[in-house]
Amino acid sequence: MDDRELKYYCAPALDPAPSLFDGFEKQIRRDPSVNEHIDGLLTALLHLPKETVADTDFVMYRGMLTRLFTTPYSLREAWSMNATRIGRTVYIEDNVTQDVVERRQGSSQQHEKLMYSGYKFETLCVLDKPASQCTAQDLAKRPDAVVNTHSEYCSVFRTRLGGFSIISGAEVDCIDGEKPSEFPSRLYRELKTVGLLDTPRKQESFDRFKLIKFWAQSFIAGIPVVTVGYRDSEGVLRHVEDIRTQDMPRRVRGQRSMWEANVCMNFAEQILGFIKEAVTEQGPETQYRIEYDPQTQDIGIELLTSQTTTPFLTPDFISSSHCKN
């Protein structure tokens with residue numbers, strides 16, 4: 001619950017152009033088989049007043065909200081979540097199945113390198129303290145820094161979607177300048193990497209499938225800017241672009257087969273209402289499964305038996321006053 005892992009943005013050097021594949025073999029990897037559930041978010045909730053948590057409709061990480069936002073335009077992507085209700089609050093986590101873990105572990109090296117390039121880009125863009133306090137040596141060290149996928153800074157925030165209040169958590173890549181005491185998200189910045197958009201087809205694919213996720217993630221967390229690094233087929237960073245979150249829906253407006261922000265928000269609000277009505281039984285031992293089936297394009301909610309599940313709320317949270325009705 002401090003700012004030790006918070007990173008500070010400083011634009012990467014492009015002369016000479018760095019490779020986003022450099023250091024791939026030296027990286028410190030997070031174990032993909034470990035399911036962290038929503039443990040970190042629940043720990044943060046224990047530092048909030050009990051009344052604030054009890055007066056909230058949903059608790060979930062940003063990734064689950066992003067999933068709801070983008071489903072109308074990602075109809076082929078199946079997903080699965082778990083839900084537990086305490087009082088008026090529905091807690092939601094990703095349902096990480098064994099199949100998902102095996103797919104992560106069985107990724108090709110090329111896929112792993114593309115994933116790594118995003119972390120490498122972050123390393124090239126950030127510092128451990130504001131740029132105004134750094135030396136030329138600090139900047140020169142960034143290309144040789146070992147990428148550590150364990151390191152992250154998470155922001156916990158309260159927001160609303162229509163009639164629903166939500167407490168969520170999101171990884172924050174970096175901040176512009178020193179962190180202010182109020183509304184720090186106004187200075188937060190997302191960092192993303194994509195391949196060069198050197199053909200009309202690639203540009204269309206980016207606008208249709210990537211930009212919607214960039215927008216949803218940033219909009220939900222109140223992050224105003226996404227910095228995109230464009231790499232070539234060899235992984236070399238060729239140029240960098242800042243895209244304002246509020247401008248993303250306008251970039252695709254009027255284009256054929258593109259997404260609309262209001263459709264995303266309205267759909268997510270409707271699904272939250274569906275979940276709130278269906279998830280009625282109380283207690284940490286009680287668990288529901290929420291699944292989207294791309295074959296039927298239906299979202300179903302099922303009450304699971306206690307014999308097939310274990311609580312995903314942490315023992316510390318269950319034993320706290322926050323978990324009492």
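This passage walks through the salt bridges and the helix packing of the structure. The model is a predicted one.

Salt bridges come first. Side chains of opposite charge can pair when their charged atoms come close, and the structure holds 18 such salt bridges. A good place to start is Arg88, whose side chain meets that of Asp55 at 2.8 Å, N to O. The two residues sit 33 residues apart and tie together distant parts of the chain: Arg88 lies in the loop between strand E3 (79-86) and strand E4 (89-94), while Asp55 lies in the loop between helix H2 (50-54) and strand E2 (58-61). Both ends of this bridge have some access to the outside, with Arg88 partly exposed at a relative accessible area of 34% and Asp55 partly exposed at 42%.

Arg88 also forms a salt bridge with Asp57, at 2.7 Å from N to O. Again the pair joins distant parts of the chain, with Arg88 in the E3-E4 loop and Asp57 in the loop between H2 and E2, 31 residues apart. Asp57 has a relative accessibility of 4%, so it counts as buried. Put together, Asp55, Asp57, Arg88 and Lys276 are linked in a network of salt bridges. Lys276 brings helix H9 (residues 261-278) into the picture, and is listed among the buried residues of that helix.

Another salt bridge pairs Lys192 with Glu190, whose closest N and O atoms are 4.0 Å apart. Here Lys192 is buried, with a relative accessible area of 18%, which sits under the 20% cut-off for that label. Glu190 is buried as well, at 2% relative accessibility.

Next come the helices, beginning with H5. This helix covers residues 109-125, and its 17 residues should span 24 Å at 1.5 Å a residue; the end C-alpha atoms are 24 Å apart, so the two values agree. Its buried residues are Tyr116, Ser117, Gly118, Lys120, Phe121, Glu122, Thr123, Leu124 and Cys125. The cover over them includes strands E1 (8-9), E5 (126-127), E9 (188-195), E10 (225-231) and E11 (237-244).

H9 passes the length check too: its 18 residues should span 26 Å, and its end C-alpha atoms are 26 Å apart. Buried residues in H9 are Ala261, Cys264, Ala268, Ile271, Leu272, Gly273, Ile275 and Lys276. An α-helix has 3.6 residues a turn, so residues three or four places apart point the same way.

That leaves the packing between helices. Two packed helices are described by the angle between their axes and the distance between the axes. For helix H3 (residues 62-70) and helix H7 (residues 200-221), the angle is about 130° and the axes are 9 Å apart. The two helices are therefore oblique to each other, and their crossing is right-handed. On the H3 side, the contact uses Arg62, Leu65, Thr66, Phe69 and Thr70; these meet a set of H7 residues including Ile212, Trp215, Ala216, Phe219 and Ile220.

H7 packs against H9 as well, with axes that come within 11 Å and cross at roughly 60°. That angle makes H7 oblique to H9, and the crossing is right-handed. The contact is made by Ile212, Trp215 and Phe219 of H7 with Ala261, Cys264 and Met265 of H9. Ile212, Trp215 and Phe219 also take part in the H7 contact with H3.

Notes
Residues are numbered from 1 along each chain as its sequence is written. This is a predicted model: local features need pLDDT of at least 70, side-chain atom pairs count only at pLDDT 80 or more; totals for chains, interfaces and linings use all residues. Side-chain values use heavy atoms; hydrogens and water are left out. Helices (H or I, at least four residues) and strands (E, at least two) are DSSP runs, numbered from the N terminus. Buried means under 20% relative accessible area, exposed over 50%, partly exposed in between (1.4 Å probe, protein chains only). The expected span of a helix is 1.5 Å times one less than its number of residues. Contact means heavy atoms within 4.5 Å. Axes are lines fitted to C-alpha atoms, for helices over the stretch in contact, and angles run from 0 to 180 degrees between N-to-C directions. Angles under 35 degrees count as roughly parallel, over 145 as roughly antiparallel, 65 to 115 as roughly perpendicular and the rest as oblique. A crossing is left-handed if the near helix is turned anticlockwise from the far one by less than a right angle, and right-handed if clockwise.
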